[in-house]
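This report goes through selected local features of one model, taking aromatic contacts, cysteines and backbone geometry in turn. Please keep the sequence and the coordinates at hand while reading.

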Amino acid sequence: VHSSLYERIKRIMAYTTISNHKSQFSVKNYTGNGTDNTAITGVGHQPSIIWSKNMTDAGTNHYFIDAVRGVTKRTYTSSSSAEGTDATLLKSFDSDGFTLGDGSINQSGKSFISYLWKGGTTSGITTNGTTMITPSSYSFNQTNGMSIIKWAGNGVDNSYIPHGLGKAPKMIWVKALGLSEDWQVYAEGAGNQGRGWLSYSNTWSTGRGEWGSFTPDTVNFRVSNDSHMNASGSDYIAYCFADITGYQKILSWTTNGESDPNAPFLYCGFSPKFFLLWNISNGGRQGIVDIFNAPFNPNGKVLYPHSTNAIATTGDYACDLVSNGIKVRANATSNINHTDGNIYVALAIGQTLVGSNNIPATAR
């Protein structure tokens with residue numbers, strides 16, 4: 001009977017081969033102790049990206065470290081600053097977590113949140129006759145739909161760069177490493193002339209050429225020769241994300257500006273544990289909701305990726321993270337539901353709704 005029930009669920013709900021969502025992405029909380037070589041375990045995989053934020057204190061940056069650049073190299077999503085070197089932050093990416101130094105992401109008594117992605121293949125990236133730039137280093141994971149691509153800018157407008165995902169990415173974040181430039185964001189829902197930011201909160205541009213007016217395909221994405229994308233003599237890093245059925249989805253929707261219960265429902269096909277959204281029509285409205293800070297519905301906590309603020313308690317991003325998506329609960333004019341006709345984009349990563357282990361996710 002149970003087997004028959006699971007088969008019926010699989011037919012009507014999103015199905016994924018990722019049985020254990022923690023094997024690909026984790027949300028991890030820890031309290032800093034200020035001690036060098038502190039191991040954080042229980043992640044469920046060896047991460048290749050750590051995005052860490054001190055949630056206790058205002059005035060503290062979001063730290064972004066990846067295995068492609070190395071554990072001593074950091075950028076901030078909350079700043080346009082160039083890449084810096086800091087050997088006190090992270091000592092290593094480990095088989096079930098990471099080891100901290102005694103620096104800014106391990107301050108004693110402070111509460112930290114870390115978003116952790118598993119990387120993948122570091123050689124043999126697919127190119128084609130259109131490809132113009134060969135990445136200097138990279139890591140791509142076709143299972144979880146995420147890749148890290150580093151390249152040396154060639155100063156050529158509309159250059160094609162391979163992403164390694166085997167399917168078209170629907171969201172890309174780009175950071176100029178040696179320059180003080182804001183993080184550039186591509187999202188399918190904003191169109192291939194749309195440009196937003198991680199490190200800057202403003203209404204998105206919708207008629208720009210940063211992405212070469214090119215919708216990424218199964219092999220390449222395209223960049224302009226602007227200093228924040230592909231200037232000669234500068235290094236760049238891109239983080240690319242593709243839809244993975246039942247596990248990851250790049251969302252786009254138009255809000256109706258109505259109060260609950262008529263506010264939008266966003267179908268994901270899984271139970272989200274990380275939800276990063278932008279209002280591309282109305283600046284100042286972007287935030288992160290996650291399952292650690294929002295263990296019960298509706299959530300009342302948000303982190304701002306572009307800001308050094310501590311975690312905020314607010315109903316402005318109120319939503320229910322349910323078994324198959326996100327139900328917006330905040331009232332009209334809130335930051336998650338602002339004004340009839342405003343367009344939103346988001347990256348949602350979650351628990352599998354029905355994985356190959358035949359265990360369906362349940363509502364909270």
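## Basis of the description

Strands, which are used below to place residues, are DSSP runs of E with at least two residues, and they are numbered from the N terminus. The model is a predicted one.

## Cis peptide bonds

Pro-298 lies in the loop that runs between β21 (286-290) and β22 (301-302), and the peptide bond leading to this proline from Asn-297 is cis, with omega near -15°.

A cis bond is also found from Asp-260 to Pro-261, where omega is near 10°. Pro-261 belongs to the loop between β18 (248-254) and β19 (265-267).

## Positive phi outside glycine

Asn-158 is not a glycine, yet its phi is positive, at about 60°. This asparagine sits in the loop between β11 (146-152) and β12 (159-162), and with a relative accessible area of 28% Asn-158 is partly exposed.

Ser-213, again a residue other than glycine, has a positive phi near 50°. The loop that holds Ser-213 connects β15 (196-197) and β16 (220-223), and the relative accessible area of Ser-213 is 35%, which makes the residue partly exposed.

## Aromatic contacts

In total, the structure holds 28 aromatic pairs. One of them joins Trp-51 and Phe-274 in an edge-to-face arrangement, with 6.4 Å from centre to centre and 65° between the planes. Because Trp-51 lies in strand β3 (residues 47-54) and Phe-274 in strand β20 (residues 270-279), this pair ties together parts that are 223 residues apart in sequence. Trp-51 and Phe-274 are both buried.

The two rings also take part in a cluster linked by ring pairs, whose members are Phe-25, Trp-51, Phe-64, Tyr-115, Trp-117, Trp-173, Trp-183, Tyr-239, Phe-241 and Phe-274.

## Cysteines

How many disulfides does the structure hold? The number is zero. Cys-319, for example, is in no disulfide, and the nearest cysteine sulfur, which belongs to Cys-268, is 10 Å away; a disulfide would require the two sulfur atoms to lie within 2.5 Å.

Cys-319 has a relative accessibility of 0% and therefore counts as buried. For Cys-240 the relative accessibility is 0%, so this cysteine counts as buried.

Technical notes. Residues numbered from 1 in each chain as written. Predicted model: local features only at pLDDT ≥ 70, side-chain atom pairs only at ≥ 80, totals over all residues. Heavy atoms only, no water. Phe/Tyr/Trp six-rings, centres within 6.5 Å; stacked < 30°, edge-to-face > 60°. Helix = DSSP H or I, 4+ residues; strand = E, 2+ residues; numbered from the N terminus. Buried < 20%, exposed > 50% of the residue type's maximum accessible area, 1.4 Å probe, protein only.
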